[in-house]
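Biologist: I'm new to this one, so could you walk me through it? I'd like to hear the reasoning behind the labels too.

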Amino acid sequence: WADLQDPGILWQVAVLVLCVGAAWMFARVIGLDRIATSGVWNLGVGGLRRILVPLLALVLVLMARPILAHWQHVNLLRLAVPLLGSLALIRVLAYLLRYAFPAGGIVAFFERLIYVTVWGVVALHIVGVLPGVIEFLEGQVLVIGKQSISLWLVLHAIVWSLSALLLALWAGGAIEAREKVGLKMNVP
């Protein structure tokens, strides 16, 4: 809150706006239209741009933060890093979900679930409550036979299993699309 009353906050806001704007311009200028729709990997221009902009903005903020730190506090830029990272993660997961499954109600449900989960974890991290939540989940133990399994470990297993399944479905769809394009090219 002290930073909000300091006029130096305007420098942080300017750097943040400049980083996001530069990322957006870079994504437009490099010719995503040609990259995304060329060859057999038809990624979709909109989807690629939606992923690339927050990733580039995150990289630019990470590069600008130590430079600006020589002259002033960079708490706003520190706050922007997990927010941009979570936005990039959400967009990557939503892109993979849309690519792996046909459009429908279940995809929309899982997209909302991803949004709420990622933003919730980031909010808990920013507020400083996340370590306490993790400690609580590690303290809740399920005893199965001679093994003790924490709720945190079960949550990890679910997340990684779903991630591996989503990645496998996405890769299978990409290979299938590549084969279809290859067959179309070989037909006289």
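Modeller: Sure, and let's start with a definition: two strands pair if DSSP finds at least two bridges between them. Keep in mind that this is a predicted model.

Biologist: How do you know that strands S1 and S2 pair?

Modeller: Four bridges join S1 (residues 141-144) to S2 (residues 147-150), and pairing takes at least two, so they count as paired. The strands run antiparallel, and one bridge links leucine 142 with isoleucine 149 in S2.

Biologist: What makes up the turn of the hairpin?

Modeller: Two residues sit between S1 and S2, and glycine 145 in that turn has a positive phi of about 65°.

Biologist: And what else is in the chain?

Modeller: The chain has seven helices and two strands, in the order α-α-α-α-α-α-β-β-α.

Biologist: How do you know that the span of helix H1 agrees with what it should be?

Modeller: H1 covers residues 9-29, which is 21 residues. At 1.5 Å a residue it should span 30 Å, and its end C-alpha atoms are 30 Å apart, so the two agree.

Biologist: Which residues of H1 are buried, and why do they count as being on the same side?

Modeller: Ile9, Gln12, Val15, Cys19, Ala23 and Ala27 are the buried ones in H1. They cover an arc of only 130° around the axis, so they lie on the same side of the helix. On the other side of H1, Leu10, Trp11, Val17, Leu18 and Val29 are exposed.

Biologist: Why is serine 86 called buried?

Modeller: Buried means under 20% relative accessible area. Serine 86 has 4% relative accessibility, so it counts as buried. This serine is found in helix H4, and beyond its neighbours within four places in sequence, serine 86 is in contact with Val118, Trp119 and Val122.

Biologist: What makes a set of residues a nonpolar core?

Modeller: They have to be buried residues of certain kinds, joined through side-chain atoms within 4.5 Å. The largest such core here has 14 residues, and Val15, Cys19, Val61, Leu68, Leu77 and Leu84 have the most contacts inside it. H1, helix H3 (45-68) and helix H4 (75-100) each supply at least two residues of this core, with H3 giving the most, six residues. Apart from it lies another core, of nine residues, including Tyr95, Leu97, Val107 and Val118.

Biologist: What does valine 15 touch?

Modeller: Not counting residues up to four places away in sequence, valine 15 touches Ala64, Leu68 and Leu77.

Methods
Residues are numbered from 1 along each chain as its sequence is written. This is a predicted model: local features need pLDDT of at least 70, side-chain atom pairs count only at pLDDT 80 or more; totals for chains, interfaces and linings use all residues. Side-chain values use heavy atoms; hydrogens and water are left out. The expected span of a helix is 1.5 Å times one less than its number of residues. Buried means under 20% relative accessible area, exposed over 50%, partly exposed in between (1.4 Å probe, protein chains only). The arc is that of the directions from the helix axis to the C-beta atoms. Contact means heavy atoms within 4.5 Å.
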